[in-house]
Amino acid sequence: MKFFVDTADTDAIRDLAALGMVDGVTTNPSLIAKAGRDILEVTREICSIVEGPVSAEVVALDPEGMIAQGRKLAGLAPNIAVKVPLTWAGLTACRVLSGEGHMVNVTLCFSAAQAILAAKAGATFVSPFIGRLDDINLDGMALIQDIREIYDNYDFKTQILAASVRSVNHVTEAARIGADVVTAPPKVIRDMVAHPLTDKGLAQFMADWKATGQSLD
Ligand code: E4P
């Protein structure tokens, strides 16, 4: 399973990359707004930190506009994955851009039917949004499972990129089901290390070690 970081915060990306935890990055217009930086400048910087795919999203709503913006974003670095929404315009842009050899991430996927269309359009990645489905009392993880089964039935090459990840359980469940990639906010990735028995066990080891009076220094 590949690990992408869902942020445009370059400090957070650098910190996790130093730990070897970053196979790629996903951004979206909301994350760019949160970072408060110019999209081209921050995307270029992210691409200089991370070797793997960096998703940068178009903001046009028509195919021609998406294609032009996609080409512009793809021109920033060889590891850009152009992100387009799961609309007919987005699928049209996906087909053209992937035909030109660009990586394309089809985002805002909320159904298996949409995921089939993304695969047929030649998407490199499809991004089903787990958390936003859970938010409206639907089952985000069931969608990952459905897409996995369908893609495996037909050997579709599009990678399932589990997105809108809100918790450590989302990461482990998506990995168990077989999502190709999980993109998670930096905090969720950092939270993955936490376990009370690890803390308790370490405290006990330290206390017992201190009682020996020995030193390893
Ligand atoms: C994925 O590519 C999206 O940027 C992201 O995962 C959306 O997450 P959210 O629903 O928490 O905003």
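In which strand is the place of K83? Keep that in mind as you open the structure, which is a predicted model, and let's walk through it one selection at a time.

**Start with the whole protein.** Show the cartoon and you will find eleven helices and eight strands. Along its principal axes, the C-alpha trace spans about 70 × 40 × 30 Å. If you colour by burial, 35% of the 217 residues count as buried. Contacts are worth a glance too: among those between residues at least 6 apart in sequence, 55% join residues at least 24 apart.

**Select K83.** Here is the reply to the opening question: K83 sits in strand β4, residues 80-85. The UniProt annotation "active site", from an unreviewed entry, covers K83. K83 has 27 other C-beta atoms within 10 Å, so it is buried, the cut-off being 20 or more. Now add its contacts, leaving out residues up to four places away in sequence: K83 touches N28, S55, A56, E57, V58, N105 and T107.

**Move on to the ligand.** Display the residues around the ligand as sticks: D6, T26, N28, T107, S127, F129, G131, R132, A163, S164 and T183. Colour them by type and this shell divides into two nonpolar, seven polar and two charged residues. Keep N28 and T107 highlighted for a moment, since both are around the ligand and both touch K83.

**Next, select helices α1 and α3.** Helix α1 covers residues 10-18 and helix α3 covers residues 39-49; their axes come within 10 Å and cross at roughly 5°. That angle makes α1 roughly parallel to α3. To see what makes the contact, show T10, I13, R14 and A17 on α1 together with V42, E45, I46 and I49 on α3. By type, the residues of this contact are five nonpolar, one polar and two charged.

**Finish at A89.** Select helix α5, residues 88-99, and pick out A89 within it. Is A89 buried or partly exposed? It is partly exposed, because 19 other C-beta atoms lie within 10 Å, while a buried residue needs 20 or more. Setting aside residues up to four places away in sequence, A89 touches L61, D62, P63 and M66. For a last step, draw a distance from A89 to A18: the two are 71 residues apart in sequence and 38 Å apart in space, C-alpha to C-alpha.

How values were computed
Residues are numbered from 1 along each chain as its sequence is written. This is a predicted model: local features need pLDDT of at least 70, side-chain atom pairs count only at pLDDT 80 or more; totals for chains, interfaces and linings use all residues. Axes are lines fitted to C-alpha atoms, for helices over the stretch in contact, and angles run from 0 to 180 degrees between N-to-C directions. Helices (H or I, at least four residues) and strands (E, at least two) are DSSP runs, numbered from the N terminus. Angles under 35 degrees count as roughly parallel, over 145 as roughly antiparallel, 65 to 115 as roughly perpendicular and the rest as oblique. Two residues are in contact if their C-beta atoms, placed from the backbone, lie within 7 Å. Ala, Val, Leu, Ile, Met, Phe, Trp, Tyr, Cys and Pro count as nonpolar, Asp, Glu, Lys and Arg as charged, and the others, Gly among them, as polar. UniProt positions are given in the numbering used here, feature names are shortened, and annotations may be inferred rather than shown by experiment. A residue is buried if 20 or more other C-beta atoms lie within 10 Å of its own, exposed if 12 or fewer, and partly exposed in between; C-beta atoms are placed from the backbone. A residue is near a molecule or strand if its C-beta atom, placed from the backbone, lies within 6 Å of it.
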